Amino acid sequence: MAIEIRIFSGSNLLEDFSKYSWELSKRVKALSYSEYKIFALNLCIEEIFDNAFRHGNKKDTHKDIIVSYEITQEYVDVSVQDKGKGFYPDKIPDPTLEKRLEIPEGRGIFLVRSYADEVFFEGNLVRFKVYR
């Protein structure tokens, strides 16, 4: 069963996101996912949500972020959609290149690609899966 949550940038964003993240972690833990997988899931959600707020919605307090997830015994499937124009993930510079190592941004997508088992980019929607 998929669950959808709308979080408005103008609401108490951090509090709303923390409630959502805690509830998701609780459900995944109840299915005996490993601590590593729970860490990976939380890291990916945090990075994608932050990108949706800062880059997609440009911190516009009138735009919402839609978070959907499905939890099964085999995987957790998460989608995060903002109101932005979308982006081209292949155009994001590799943060591991020597010339980018000291730049304190641009690591979110890299981390998600590293920790999620599958990642899909569709305009202003990012979807990822973490398998058990």
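This report describes the confidence, the nonpolar core, two buried loop residues and the largest pocket of a predicted model.

**Confidence**

Across the protein chain the pLDDT averages 91, and 96% of the residues score at least 70. Confidence is lowest in strand S1 (residues 2–8), where the mean is 79, and highest in strand S5 (residues 125–131), where it is 98. Where pLDDT is low, the predicted coordinates should not be read in detail.

**The nonpolar core**

The largest nonpolar core holds 29 residues, and those that touch the most other members are Tyr20, Leu24, Leu41, Val78 and Phe128. At least two residues of this core come from each of S1, helix H1 (13–30), helix H2 (35–56), S2, S3, helix H3 (108–115) and S5. The largest share, eight residues, is supplied by H2. Phe128, one of the core residues named above, has contacts beyond four places in sequence that include Leu41, Cys44, Ile45 and Ile48, as well as Val76, Asp77 and Val78.

**Two buried loop residues**

Thr72 is found in the loop that runs between strand S2 (64–71) and strand S3 (75–81), while Asn124 is placed in the loop between strand S4 (118–122) and S5. Why does Thr72 count as buried? The cut-off for a buried residue is under 20% relative accessible area, and Thr72 counts as buried because its relative accessibility is 16%. By the same cut-off, Asn124 counts as buried because its relative accessibility is 19%.

Both residues take part in polar contacts through their side chains, as the table sets out.

| Side chain | Partner | Distance |
|---|---|---|
| Thr72 | backbone nitrogen of Glu74 | 3.1 Å |
| Asn124 | side chain of Gln81 | 3.2 Å |
| Asn124 | backbone oxygen of Asp82 | 2.6 Å |

When residues up to four places away in sequence are left out, Thr72 touches Leu31 and Tyr33. With its neighbours within four places likewise set aside, Asn124 is in contact with Val80, Gln81, Asp82, Lys83, Gly84 and Gly86, so that Gln81 and Asp82 appear among these contacts as well as in the table.

**The largest pocket**

The largest pocket encloses about 580 Å³ of space, and its lining is made up of 28 residues, among which Asn51, His55, Gly56, Phe87 and Ile92 lie nearest the centre. H2, H3 and S5 each supply at least two residues of this lining, and H2 gives the most, with seven residues. Helix H2 therefore has a part in two of the features described here, since it also supplies eight residues of the largest nonpolar core.

Conventions
Residues are numbered from 1 along each chain as its sequence is written. This is a predicted model: local features need pLDDT of at least 70, side-chain atom pairs count only at pLDDT 80 or more; totals for chains, interfaces and linings use all residues. Side-chain values use heavy atoms; hydrogens and water are left out. Helices (H or I, at least four residues) and strands (E, at least two) are DSSP runs, numbered from the N terminus. Buried means under 20% relative accessible area, exposed over 50%, partly exposed in between (1.4 Å probe, protein chains only). A polar contact is a pair of N or O atoms within 3.5 Å; within protein, one must be able to donate a hydrogen and the other to accept it, and residues adjacent in sequence count only if both atoms are side-chain atoms. Contact means heavy atoms within 4.5 Å. pLDDT is the predictor's confidence in each residue, from 0 to 100. A nonpolar core is a set of buried Ala, Val, Leu, Ile, Met, Phe, Trp, Tyr and Cys residues joined through side-chain atoms within 4.5 Å. On a 1 Å grid over the protein atoms alone, a cavity is a set of points where a 1.4 Å probe fits but cannot get out, and a pocket is an open set with protein on both sides within 12 Å along at least five of seven lines; lining residues have an atom within 4 Å of a point. Grid points are joined across faces, edges and corners, and a volume is the space filled by probe spheres set on the points.
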